[in-house]
Amino acid sequence: MSATDDRGLAPDTLLEVRGLRKLFPLFSQGFVRRRTGEVRAVDDVSFSVRRGETLGIVGESGSGKTTAARCILRALQPSAGEVLFRARRGVVDLATLSERELTPLRQEMQMIFQDPFASLNPRMTVGAIVAEPLVIHGLARGRELEDRVVDILRRVGLKPEHRERYPHAFSGGQRQRIGIARALIMRPALVVADEAVSALDVSVQAQVLNLLQDLQAELGLTYVFVAHNLDVVRHFCDRVAVLYAGRMVELAPTAELFARPQHPYTKALLAAVPQPDPDIPMRFEVEGEVADPSNLPPGCAFHPRCAECFAPCRTERPELRPLSATQQVACHLGDPRYSSSD
Ligand code: SF4
């Protein structure tokens, strides 16, 4: 493990993902199982996140956003690519580390899950749940452990006496606060939030988002925020990466993306009506099915649904290219190499 060189990271970059790929093999049924193909869940995704920034990753169900988030934290092993993280000890490639090498780094990067109830052990008290990461890593015990649990509970808007209760005694919003306390008690630098407010009522969503913003300012956190609800992303993220069929199709500062979306898929996403449940596909303003990542169409994966499709779109896959210093898009439209006449 090389922990001393910076691998070309800009000084303010905390995380840089380069060419991330996650393939899931497909096998035939029957006695002799043969490999018949693969699902390209995440394909050649690259982005960086500055310290203190919030990067949103958005897309429909099946876009690869959750798989990408899980690969970053090594809940899944990436098939290819680099996940460079500026750890306290230096820059490391999370994609290549062994479990033993990853264990101490888990303190510095944490995940907040969509369903707080499913991620909290119902047989443990809130105090034990929140303290558990510190106990597992042997980072505190006795009075210090108690003090740190009380401190983080207060920071997330819970009371010290809540330590003695069990998760079922809390509302959805409070349970998400417990999940946040558990993630932050380790004082991580990077927090990956996977649909962290999707399961909450709209009014509670706003409270939890405000809390996450306050904690970011207080504790200097950096967020990767996976979401399907663009309203949430608009108010919470500094920049947004849009994924379609496992590939990044647009990356831009939030204000620019909402004011001047460039990719036809981003435009469709902005016009879509989000459903409260992330597992229910959004109602799109465009015709057609979401591309099947095990059988992607040739050329641009979005072309069967794209009203602006022209000849090169059917055969040539668009690569991400810069439109300005801050905005990138993967679309042949406006590419000087092509004319948009069919
Ligand atoms: Fe549409 Fe072509 Fe752009 Fe794909 S590359 S989004 S098909 S215009």
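This passage describes a sheet, the helix packed on it and the largest pocket of a predicted model. In this model, local features need pLDDT of at least 70 and side-chain atom pairs count only at pLDDT 80 or more, whereas totals for chains, interfaces and linings use all residues. Residues are numbered from 1 along each chain as its sequence is written, and side-chain values use heavy atoms, with hydrogens and water left out.

Four strands (DSSP E runs of at least two residues, numbered from the N terminus) form an open antiparallel sheet in the order β2-β1-β4-β5, pairing being assigned where DSSP finds at least two bridges between two strands. Because β2 (35-50) and β5 (90-93) stand at the edges with a single partner strand each, one side of each is left without a neighbour in the sheet. Neighbouring strands are turned by 20 degrees against each other on average, direction ignored. Four antiparallel bridges join β4 (residues 80-87) to β5, and Ala 87 stands opposite Gly 90 in β5. Helix α1 (residues 65-72; helices are DSSP H or I runs of at least four residues) packs on the sheet and touches β1 (13-27), β2 and β4, contact meaning heavy atoms within 4.5 Å. The direction of α1 makes about 115 degrees with that of β1, where axes are lines fitted to C-alpha atoms, for helices over the stretch in contact, and angles run from 0 to 180 degrees between N-to-C directions.

The largest pocket (an open set of points on a 1 Å grid over the protein atoms alone, where a 1.4 Å probe fits, with protein on both sides within 12 Å along at least five of seven lines) holds about 470 Å³ of space, the volume being that filled by probe spheres set on the points, which are joined across faces, edges and corners. Its lining comprises 20 residues, each with an atom within 4 Å of a point; Gln 110, Met 111, Phe 113, Pro 133 and Arg 182 lie nearest the centre. At least two lining residues come from each of β6 (109-112), α3 (126-136) and α5 (172-184).
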